[in-house]
Amino acid sequence: MLNTAVLVSGGGTNLQAILDRCVEGTLPEVNICAVISNNPGAYALERARKAGVDALCISPKAYPSREDFYDALIQALEERHTDLIVLAGCLVVLPGKLVRAYRNRIINIHPSLIPSFCGTGCYGLKVHEEALKRGVRVTGATVHFVDEGTDTGPIILQKAVEVREDDTPETLQRRVMEQAEWKILPEALSLISQGRVSVDGQGHVHIAGEA
């Protein structure tokens, strides 16, 4: 089983997509060992509790320094023998020591086709505002491994979504979630749990069995 910890700061819609797949039995090799949020009011924690999953709030406000917060986060992950970390709307910047300890074992979902509309400060609704401002016809979502940069790690999966003329940032955000994010994040988890995902020396992802 792939012990998977999900880190989330808000509502947890992507978390719910994973939990639903676990209930359906389509992620048989995945065990959600914990849902961790930096935000005590995150609805994602309630989603976890309803699913019978260990729900933890580890907030930087509860620690005297950022380093103490990072240490507490790492300790919680290690105590649960975490194999994979999923960032599903997590607004906390991970420390380098955590990224190094879990090299190619941390994945993130981003609501655009990287390298478009990504990087520092480009998250949430801002991504869709920028896409509409630029006038693109197609956007989408990307699942990638996390490295020391922001949205710069190896790309695992992407899925395109059409942009409509009457879209607002809110309608586009919803459609990207429904048509892309909620599909490719569980799919990436499934592939990783089956041992089908690898990263070569050039930082490119290979998926075994893919045509």
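How many bridges join β1 to β4, and do these strands run parallel or antiparallel? Four bridges join β1 to β4, and the two strands run parallel. The views below come from a predicted model, and each legend takes up one part of it.

**View 1. Seven strands form one open sheet with mixed pairing.**
Read across the sheet, the strands follow the order β3-β2-β1-β4-β5-β6-β7. The edges are formed by β3 and by β7, which spans residues 155–162, and each of these two strands pairs on one side only. Neighbouring strands of the sheet are turned against each other by 20 degrees on average, when direction is ignored.

**View 2. Strand β2, residues 30–37, is mostly covered, with seven of its eight residues buried.**
On one side, β2 is joined by six bridges to β1, which comprises residues 2–7, and the two strands run parallel; within this pairing, T4 stands opposite I32 of β2. Between these strands the chain passes through helix α1, residues 13–24, in a β-α-β crossover that is right-handed. Strand β2 is also joined to β3, residues 55–57, by three bridges, again in a parallel arrangement, and here V35 stands opposite A55 of β3. Together with helix α2, which covers residues 43–50, β2 and β3 make a right-handed β-α-β unit.

**View 3. Strand β4, residues 84–87, has buried side chains pointing in two opposite directions.**
L84 and V86 point one way from the strand, whereas I85 and L87 point the other way, and all of them are buried. In a regular strand the side chains alternate between the two faces of the sheet. Towards β1, the bridge partner of V6 is V86. Towards β5, which comprises residues 106–110, β4 makes three bridges in a parallel arrangement, and I85 stands opposite I106. The chain crosses from β4 to β5 through helix α4, residues 96–101, and this β-α-β crossover is right-handed.

**View 4. Strands β6 and β7 pair in the antiparallel sense.**
Strand β6, residues 138–145, is paired with β7 over seven bridges. Within this pairing, T139 stands opposite V161 of β7.

**View 5. The largest nonpolar core of the model has 39 residues.**
The residues with the most contacts inside this core are V35, V86, I107 and I156. Helix α6, residues 169–193, gives the most to the core, contributing nine residues. Apart from this core lies another one, of 24 residues, among them A34, Y70, A72 and I106. When residues up to four places away in sequence are not counted, the residues that V35 touches include V6, V8, L15, A44, L45 and A48, and also V53, D54, A55 and L56.

**View 6. Two cysteines, C33 and C118, are shown in a structure where a search finds zero disulfides.**
A disulfide is a covalent bond between the sulfur atoms of two cysteines. The closest cysteine sulfur to that of C33 belongs to C22 and lies 11 Å away, so the two are too far apart for a bond. C33 is buried, with a relative accessible area of 11%. C118 is likewise in no disulfide, and the nearest cysteine sulfur, that of C122, is 7.0 Å away. With 24% relative accessibility, C118 counts as partly exposed.

How values were computed:
Residues are numbered from 1 along each chain as its sequence is written. This is a predicted model: local features need pLDDT of at least 70, side-chain atom pairs count only at pLDDT 80 or more; totals for chains, interfaces and linings use all residues. Side-chain values use heavy atoms; hydrogens and water are left out. Buried means under 20% relative accessible area, exposed over 50%, partly exposed in between (1.4 Å probe, protein chains only). Two strands pair if DSSP finds at least two bridges between them. A crossover is right-handed if, with the strands pointing away from the viewer, the path from the first strand over the helix to the second runs clockwise. Axes are lines fitted to C-alpha atoms, for helices over the stretch in contact, and angles run from 0 to 180 degrees between N-to-C directions. A nonpolar core is a set of buried Ala, Val, Leu, Ile, Met, Phe, Trp, Tyr and Cys residues joined through side-chain atoms within 4.5 Å. Contact means heavy atoms within 4.5 Å. A disulfide is a pair of cysteine sulfur atoms within 2.5 Å.
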